[in-house]
Amino acid sequence: MAVTDAVIVGARCAGSAAAVALAAAGAEVVVLDSARFPSPTLSTHLMWPGGLAELARLGALERVTALGAPRLPLAAVEIPGVRAVGRYSAVGGVDYAMCVRRAGLDLALVETARAAGAEVREGARVTGLLWSDGRVAGVEVAERGGRAYELRAPVVVGADGRRSTVAGLVGAAEPYLRRPDGRACFYAYFDDHREDLRPVAAQWRQGAELGTAFPCDGGLTLVLLMPPDARAADFRRRPDEEFDRTIGDLLPGLAARLEGCVRRSKVFGVSGLESYFRVSAGPGWALAGDAGHFKDPVTAQGIRDALRFGRLLGEALATGGDPDRATAAWQERRDRECLEAFHWTERIGRADPVGPLDVELHRALRADPALMTRFLDVYSRVVRPGQALTAPRLAGWTARALLRPGTDRAGLLRYVLRTARELRAERVSIKSGHRTHR
Ligand SMILES: Cc1cc2nc3c(=O)[nH]c(=O)nc-3n(C[C@H](O)[C@H](O)[C@H](O)COP(=O)(O)OP(=O)(O)OC[C@H]3O[C@@H](n4cnc5c(N)ncnc54)[C@H](O)[C@@H]3O)c2cc1C
């Protein structure tokens, strides 16, 4: 039976990143993926500077840049009557976002893993695990075309996405922390002749609707709508019609951005998503990327976190010490770094309509470019949400909103009290590393 140093199941963001780190340290790594690349996947693909910096650390940024997506040095957020535009701080020398279609992005990652020395086997589905003395000791593989074989390794990394086979086989599929996502995701590609707006990643919110336009490779713009999850059924029944109607009737700012741009793809979509943490380390196994942890796409953190914690997992395993200790310490670090972003994302992802505090926030961002940059840096993860959404700022915006004529004061106070309670509970969850829930 064949033996290697590490088997990685899944070759996209988390899998390729772990493979690069291990192979670069001289380990023999086999990456198995049931897909054949280039292969699209159901995911939008905005990366903030923090995500691009992770690509750079892997040595993949040049390959990704060659795909031709425009740099997006500007970000815009708009609610009725208030538009704020700003710039990012540089992360690892990168001060722009980029939106790269997944088929090209993931192929670039696979090529980077191969260039680092990893063996990537495509069309290879992992169907079972090998066990020895209570430890995972390898995988059973079924190749497209019928060949089946076993591959032994002292560590198996499941980087096989939200429906992770490896998580199921090790008994970790049930999350220890989970939250339903409040919004569904429906997206499509438009041709884009607005050269003046191609450097801008933009978001519009109106009522409970949320839409974005992210210029991407191929001369296209990715348009993502995130309606309340309760509206997903309307999209499912008539995806194209509901997509176009939502833009035209409910998001006039986005409609204006897309004037003269023609939709060039069908509408892709997913609803009923859930954010979670799974136990991600055990004897002879670990779960990287979405296999172990997922956040609502509304803050576009998934690719960055899959790359980062895939790489860190590979680096931890490459030190050559006890692999179980290495994966346990890696999991602690992932949770420490991700818990606050998880709670922040969950709050943003709720389908709450634009409220008085949103108005004050957008006004403040418009008035203060430095504050706008600080908020964008939360998306890059170089500033923590709590460092930008500070108690004095929240108190100031609440006071301003209370004084504004027409504000539903009772509703606002209820909202503020609820948020304060939630922030307190989140602080406890973050401080404890959410250990009580394991
Ligand atoms: C609708 C939507 C929009 C999103 N938008 C963004 C965004 O704009 N920006 C962002 O940063 N993140 C976004 N995300 C999150 C992002 O898609 C994920 O976080 C990221 O793809 C995680 O990468 P991964 O490598 O962990 O898993 P995946 O990308 O899911 O890759 C898993 C791989 O494992 C393979 N696999 C699965 N099972 C097996 C098996 N048994 N054997 C062999 N191979 C197997 C699959 O073929 C696949 O190639 C979005 C997610 C969704 C759902």
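Trainee: Which strands make up the open sheet that has mixed pairing, and in what order do they lie?

Mentor: This sheet has 6 strands in the order β8-β3-β2-β12-β21-β20; the strands (E, at least two residues) and the helices (H or I, at least four) are DSSP runs, numbered from the N terminus. The model is predicted, so local features need pLDDT of at least 70 and side-chain atom pairs count only at pLDDT 80 or more, while totals for chains, interfaces and linings use all residues. Residues are numbered from 1 along each chain as its sequence is written.

Trainee: What makes β8 and β20 edge strands?

Mentor: Each of them, β8 at residues 119-122 and β20 at 281-282, pairs on one side only.

Trainee: How do you know that β20 pairs with β21?

Mentor: Two strands pair if DSSP finds at least two bridges between them, and 2 bridges join β20 to β21, residues 285-287, so the condition is met. These two strands run antiparallel, and alanine 281 stands opposite alanine 286 of β21.

Trainee: Which helix packs on this sheet, and what does the helix touch?

Mentor: Helix α1, residues 13-24, touches β2 (6-9), β3 (29-33) and β12 (156-158), and its direction makes about 165° with that of β3. Contact means that C-beta atoms, placed from the backbone, lie within 7 Å.

Trainee: Why are α1 and α9 described by the word they are given for their relative direction?

Mentor: Helix α9 spans residues 302-318 and packs against α1 at an angle of about 30°, with the axes 7 Å apart. Axes are lines fitted to C-alpha atoms, for helices over the stretch in contact, and angles run from 0 to 180 degrees between N-to-C directions. Angles under 35 degrees count as roughly parallel, over 145 as roughly antiparallel, 65 to 115 as roughly perpendicular and the rest as oblique; α1 and α9 are therefore roughly parallel to each other.

Trainee: How do the residues of the contact of α1 with α9 divide?

Mentor: They divide into 15 nonpolar, 3 polar and 2 charged, where Ala, Val, Leu, Ile, Met, Phe, Trp, Tyr, Cys and Pro count as nonpolar, Asp, Glu, Lys and Arg as charged, and the others, Gly among them, as polar.

Trainee: How many residues surround the ligand, and which element gives the largest share?

Mentor: There are 37 residues around the ligand, with Gly10, Ser43, Gly161, Gly289 and Gly302 the closest; being near requires a C-beta atom, placed from the backbone, within 6 Å. The largest share, 4 residues, comes from α9, and the shell divides into 18 nonpolar, 13 polar and 6 charged residues.

Trainee: What leaves β13 and β22 with a free side in the sheet β13-β19-β22?

Mentor: This open sheet of 3 strands has antiparallel pairing, and β13 (177-180) and β22 (293-294) each have a single partner strand, so one side of each is left without a neighbour in the sheet. β13 pairs with β19, residues 274-277, over 4 bridges, and arginine 179 has serine 275 of β19 as its bridge partner.

Trainee: Why are α10 and α15 called roughly antiparallel?

Mentor: Helix α10, residues 323-349, lies across β13, β19 and β22, and packs with α15, residues 409-431, at about 155°, with the axes 9 Å apart. That angle makes α10 and α15 roughly antiparallel to each other. In their contact, Leu339, Glu340 and His343 of α10 meet Glu426, Ser429 and Ile430 of α15, a set of 2 nonpolar, 2 polar and 2 charged residues.

Note on methods:
Two residues are in contact if their C-beta atoms, placed from the backbone, lie within 7 Å.
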